[in-house]
Each structure stands twice: as C-alpha cells, then as structure tokens.
Amino acid sequence: MSSYKHLIVAALSIGAISVSSPAALQCAPVPDSITLNPNGKLFSPFTFNHSKHIQSIKECADCHHHTTGTLVLDPNCVRCHQNSSPTAVVSCKGCHSATPFSPETLAAKRADKQRYHLDKMGLKGAMHQNCIGCHTKVGNGPTGCQDCHPRTKEGAAFYSTNRKGAKPAHAEEE
Amino acid sequence: MKRRNFLKACLIGGTTIALGKTNKGYASGSFEGYPEAMGVLVDTTRCIGCRSCEAACNKEQKLPEPDTSFDDPSVFEHDRRPTAKAYTVVNRYQKEQPSGPVYRKVQCNHCNEPACLTSCFVNAYTKTQEGAVIYNSKVCVGCRNCMIACPFNAPGYDYDSATNPVVKKCILCYDTRLKYGRPPACVEICPQEALTFGHRADLIKLAHERIRATPDRYVDHVYGEKEVGGTSWLYLAPVGFDKLGFDTTLSNDPIISNVKDFLGMVPMVLSIWPALFSGIHLLCKNQEHGEHGHDTDSNQEDTKP
C-alpha cells in the first residue's frame, strides 16, 4: 500500500518537474560512457564504461546515493532520503567538489551553520573510494593506479619511476 | 631588629616571586592551540599505500631524488622515519591480518606546544597561527636538541654540510601553500581523501562524528587530539594505535610541562639568589665583625686597667 503511494508521489513529482521545466526530462538520458579525469596532468584521461557497470551492478543507488530516485539502501541515508525524488543533477561532480579543501570551500562550509553533510568527500576521493572500494570488495575490477588511468610523462617524472629498482637506503645499510 | 626585618622581607619577597613564576608556568599549560589553526585528519582506514603523498612532498619541497621510485612497494618491508630527504613516509602494518594491511603516513605532527620549539635555545622554531611549526635555518646552530626532544622523531638532520647546519622536517607547506589558506601538497594529491584538511577544531568534531557514524570501522580514539597537549595532525585507526607504530605511552601534557617549573625558577635563581645570599653573607660578616670588634674593644678595655 505504501509503495503504491510512493509511486503516485513519484509520478506526481515527475509530472511537476516536466511541467515546470521540460528540460529536466530531456537531460535525463543515461550516458553509455563517460570520460573521467579529463584534465589529468599526471594520469591521462580515460573512458569509464557506464553501461557495463549498469549491467553488472543494476542498483543505481550503489553509486548515485538518492539522486536517481531509486530505492535508497543505506540505513543511515534512508532516515532522510527514503522519499527523495530524483535530482536534476546526478553526476558525481554535481555534488562532490573538485576542490574540497580550497579556502573558498572551507569558508563556505564554516559559514553554513545548517549544513548536515559536513564530511562530504571531494570529487577525487569519492570516485577513488567508490571504485577501488567496490573493486576490492567484489574482487573483479582494477585496483592499481595504472589499471584505470595510465601515467603521463609528467606523471612518470613525478613518481620518479626511472629510479625503480634502485636499492632503498635501508637496504644499502644492511 | 632591623636586620631581622630585612631578612624576613627578602625571604617573603623571594618566595612570592618564586610562587608567582610557578603559577604563571602552570597557567600556560592550558594553552589549547591557536583558535584558527589548521590541521590534517589522517584516516588510516582509507589509505591504500600508494605513496603519492611522498612524491608530492618531494616535488613541492624540492627535495633530492628518492633512493627508489615512489611506486616501489619494497620500501614497506622496513619501518621508515622522516629524514632530511623525505619529510613524510608511509609505513605498512598489520600485513598478516585478514582485514588487510593498514598504512600510516608519518610526518611532523605540528604540536600545539612543540617540544622542538621548547628545546631550541636559539628560537629557530615558530608555531604559526595557521598551525604550522616552521623552522629558521639562519639561526640554527645544529645542536640537534630538537631531534632528541621530538616525541614523534620528526626532524631530520642534513649531514651533508658541516658549516651550514640544517634541520629538515615537514612545515605543512607553510611558505608555498598554508600561508595562503591552501592545503598541503600531500593532502591535495591523496586519491583516497585519506587526508582531510581543515580547521583543527572542525577536524576533531569530524573525526568523532566518523567514529559515531561507523563504530565498527574505527577504534574510539583520535590520536593527536590530546597527546602531548594536542597536535595539528590527527589520526583515526581501525585497530589499536600501538599496533600501527604509534607511541601510546605519551602523556596528554605537553612536553614543556616537564621542564616548565624548573625553567620558571631559573630567572628567580639568577636574579634574586645572588642578591639575597650576598646580602645575608654581608650581614653575617658585618655582624661577626661588629661583635668581634666589640669583643676586642671590651677585651682592650678589660686589659687597660
């Protein structure tokens, strides 16, 4: 009975969105692939196969929390987001800041006394934790840095890869 | 009678000054850090041991090329400590545990009341309002007291130059970043956001909130909140901190309280004692003289007739 009610609410809210802004429905198409790390300097940009992940995971909320309007599974999130309607923006960068520790972000966070999600992760942290976390748990996805994004020349210099195989200092002491 | 009063006054005055000094010493023990001090919260449950922080530190601080590349996992076979060539290192613990290894980043913890600063007699160290403990190599005489004093083994010494002594340690990227409100290089590069940058006061709340929200994930302790009077770097851990190479025997009192009482006495001893004891000495001497003289006089008087 309650799920029936939810359906009505959902239908009404979708109707409301379509009436108020028809563009919201138009931007709904789910991308098959997404270019991640587009401005990467140390690691090159790469293509994330979205459709493949949809096929294997099936549960949107696993990555998108409450934003897609599907059933929220996390018992902690359910307390507020049980009846959340889909949001206009569902991409990771829509909520997770690319500069979580910049003076501006920190100042805005301090000024907003009503803010609940004080510990919201930055974009890079959210993606790495989500990807590596799931890949480790399920055990069949890439977990190494270069398994997803190969290093650029600049990246190789940054990590001093040319010195690989050189003996660490403590080894020489022995 | 006058002498007795003078001595009394000296004693009372001396004691008051001594007590005054001691009380002042105790009062500064309650310093809880600058209110606007920044810090970093290290969540060891998030770290995957990629050593990107080490690479970022190396490039930001323009340190010499490492002995081996930053993606060489062989360094984890030994426990490392920060040196003059690497201000931060990542160590691996709990390798045999089924829950997987736990990685811990080590660097200067930027104490609220730094022991290095206390031990330095040329005042080479400064605790800035932003929370960083920075160092002035121009006045350093290379005594390395700070290296002995530091409870976290953070400062490293550059042994390459005998004439220009330089102690090197993490400065929280003060010159290039923190001064302008920006996070240190290691925080910015961390892919897992195992490092969270923010106001120290906010980070403490955040850390306790993480423990409250996911109690199975953490032990109920924030390392650095109270240790040695509090540090700007704070740690969360999935297992007891002693298992991750942390010194869990440290007191919550800052290192300076071990020496504060004694050091508070020094000015009193140096300024009051010489005057006091010379006074007493002179008085005693005079008294002896006077009495002796009187005796001789009376003796003389006795012998006269």
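What follows is a conversation about a predicted model of two chains, A and B.

Visitor: What makes residues 7-27 of chain A a part to read with care?
Guide: In chain A, pLDDT stays under 50 over residues 7-27, where the model has 6 contacts beyond four places in sequence. Where pLDDT is low, predicted coordinates should not be read in detail. For chain A as a whole, the mean pLDDT is 82, and 79% of the residues reach 70 or more.

Visitor: How do you know how much area chain A and chain B bury between them?
Guide: An interface is often sized by the accessible area lost when the parts come together. Chain A and chain B bury about 2900 Å² between them, with 54% of it on carbon and sulfur atoms. On the side of chain A, the residues that lose the most area to chain B are A:Phe101, A:Arg110 and A:Tyr159, together 24% of what that side buries. The contact takes 32 residues from chain A and 38 residues from chain B.

Visitor: Why is the pair B:Glu36 and A:Arg110 called a salt bridge?
Guide: The closest N and O atoms of B:Glu36 and A:Arg110 are 3.6 Å apart. The cut-off is 4 Å between a side-chain nitrogen of Lys or Arg and a carboxyl oxygen of Asp or Glu, so the pair qualifies. Across this interface the rule finds 4 salt bridges, and 15 residue pairs are in polar contact.

Visitor: Which helices of chain A supply residues to the side that touches chain B?
Guide: At least two residues each come from α7 (103-111), α8 (123-138), α10 (153-158) and α11 (169-173) of chain A. The largest share, 5 residues, comes from α8(A). By type, the side of chain A that touches chain B divides into 14 nonpolar, 9 polar and 9 charged residues.

Visitor: What makes B:Asp71 and A:Arg151 a salt bridge?
Guide: Their closest N and O atoms are 2.3 Å apart, which is within the 4 Å limit, so the pair counts. This pair crosses between chains, from the loop between α2 and β2 of chain B to the loop between α9 and α10 of chain A.

Visitor: Is B:Asp71 buried or partly exposed, and why?
Guide: B:Asp71 has 22% relative accessibility. Buried means under 20% and exposed means over 50%, so B:Asp71 counts as partly exposed. Its partner A:Arg151, at 16%, falls under 20% and therefore counts as buried.

Visitor: Why is B:Tyr87 called buried?
Guide: B:Tyr87 has a relative accessibility of 8%, which is under 20%, so B:Tyr87 is called buried. B:Tyr87 lies in the loop between α2 (52-60) and β2 (89-93) of chain B. Among the residues that B:Tyr87 touches are B:Cys57, B:Leu63, B:Val106 and B:Lys169. The C-alpha atoms of B:Tyr87 and B:Lys169 are separated by 5.2 Å, although the two residues are 82 residues apart along the chain.

Visitor: How do you know that A:His149 is buried?
Guide: The relative accessible area of A:His149 is 11%, and the limit is 20%, so A:His149 is buried. A:His149 lies in the loop between α9 (145-148) and α10 of chain A, and its side chain reaches the backbone oxygen of A:Cys145 at 2.9 Å.

Visitor: What makes B:Arg177 and B:Glu188 a salt bridge?
Guide: Their side chains meet at 3.4 Å, N to O, which is within 4 Å, so the rule is met. B:Arg177 lies in the loop between β7 (166-168) and α5 (185-189) of chain B and B:Glu188 in helix α5, so the pair ties together parts 11 residues apart in sequence. B:Arg177 is buried at 8% relative accessibility, whereas B:Glu188 is partly exposed at 40%.

Notes:
Residues numbered from 1 in each chain as written. Chains lettered and ligands numbered in written order. Predicted model: local features only at pLDDT ≥ 70, side-chain atom pairs only at ≥ 80, totals over all residues. Heavy atoms only, no water. Contact = heavy atoms within 4.5 Å. Buried area = accessible area lost by both parts, 1.4 Å probe. Polar contact = N/O pair within 3.5 Å; in protein donor to acceptor, adjacent residues only side chain to side chain. Helix = DSSP H or I, 4+ residues; strand = E, 2+ residues; numbered from the N terminus. Nonpolar A, V, L, I, M, F, W, Y, C, P; charged D, E, K, R; others polar. Buried < 20%, exposed > 50% of the residue type's maximum accessible area, 1.4 Å probe, protein only. pLDDT = per-residue confidence, 0-100.
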